[in-house]
Amino acid sequence: MNVPHFVFGIFGNASALFLFLAPVITFKRIITNRSTEEFSGFPYVMTLLNCLLSAWYGLPFVSPDNILVSTVNGTGAAIEIVYVLIFITLAPKKEKAKIFCLFTFVLLVFSVVIFVSLCALHGNSRKLFCGFAAAIFSAIMYGSPLSIMRLVIKTKSVEFMPFFLSLFVFLCGTSWFIFGLIGHDPFVAVPNGIGSILGTMQLILYFIYRDKKCVPRKQATTKEESMETGHAKPHKEKQPNANGAQA
């Protein structure tokens, strides 16, 4: 692993860790209120699957020189499991069953990927199989802020899209994109390139609408929900209360 490759990998680890920890404020609220309220657990389960697949892909016997991909995504998987278990514990009965089924599905998919990659594939075919799986769900994870971007354009307000969240999405996507380019790894470069582009779009929107405050809106969410990059279900009637990240 050359020095630039390693440096961008370390930077990517730091920014990704910040993103994984962004929902802590929301879960502090959930634990305090003993309720998941209007929050959706779906993004946490999907992010967990992305982390598990990416951590597996980064292992040396799957893809060489990508151990830094494994370290941050392994850490992210542990964090997301905690989020999912809290959600399952405190969610309403119907939502609890839904998230538990999704959680079981994630574990099943990950187990199948491990079994197939170890028992049926070897060498480059193993890397291709695991790489495609990781890249697809990584792109899905980066796409989660699209609903917030749409809300910013609709309300002409960045109240629901904190600056530092957008900044770290950009930094995370960009650093891992460069990491993938240096390592000639499209499975790392492509989805993180998408993340870099989306992060750039969020920053552009932020600077366009940052000074526009007095705009009526029909749908609103709380500051904690904005930390979730669109992870919360929008309230239909509630007005917003009086403020989230990548390697």
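Leu121 lies in the loop that joins α5 (93–119) to α6 (123–142); helices here (H or I, at least four residues) and strands (E, at least two) are DSSP runs, numbered from the N terminus. The model is predicted, so local features need pLDDT of at least 70 and side-chain atom pairs count only at pLDDT 80 or more, whereas totals for chains, interfaces and linings use all residues. Residues are numbered from 1 along each chain as its sequence is written, and side-chain values use heavy atoms, with hydrogens and water left out.

With a relative accessible area of 17%, Leu121 is buried; buried means under 20% relative accessible area, exposed over 50%, and partly exposed in between (1.4 Å probe, protein chains only). When residues up to four places away in sequence are not counted, Leu121 touches Val116, Arg126 and Phe129, where contact means heavy atoms within 4.5 Å. Val62 is 59 residues from Leu121 along the chain, and the C-alpha atoms of the two are separated by 10.0 Å.

A second buried position is Ser70, which has 9% relative accessibility and belongs to helix α4 (residues 67–90). Apart from neighbours within four places in sequence, Ser70 is in contact with Ser54, Ala55, Gly58 and Leu59.

The protein as a whole has ten helices and zero strands. Of its 247 residues, 49% are buried. The exposed area is about 12000 Å², of which carbon and sulfur atoms supply 72%; accessible areas come from the Shrake-Rupley method with a 1.4 Å probe, and for residues only the protein chains shown count as cover.

On the surface, Val3, Phe6, Val7 and Ile10 make a nonpolar patch of about 360 Å². Patches are made of residues with over 30% relative accessible area and no salt bridge, like charges being joined within 9 Å and nonpolar side chains (Val, Leu, Ile, Met, Phe, Trp, Tyr) within 5 Å. A salt bridge is a side-chain nitrogen of Lys or Arg within 4 Å of a carboxyl oxygen of Asp or Glu. Val7 is in helix α1 (residues 3–21) and counts as partly exposed because its relative accessibility is 46%. An α-helix has 3.6 residues a turn, so residues three or four places apart point the same way.

Helix α8 (residues 163–182) has 20 residues, which at 1.5 Å a residue should span 28 Å; its end C-alpha atoms are 29 Å apart, in agreement. The expected span is 1.5 Å times one less than the number of residues. Buried residues of α8 include Leu165, Val169, Cys172, Trp176 and Phe179. After α8 comes His184, with a positive phi near 55°.
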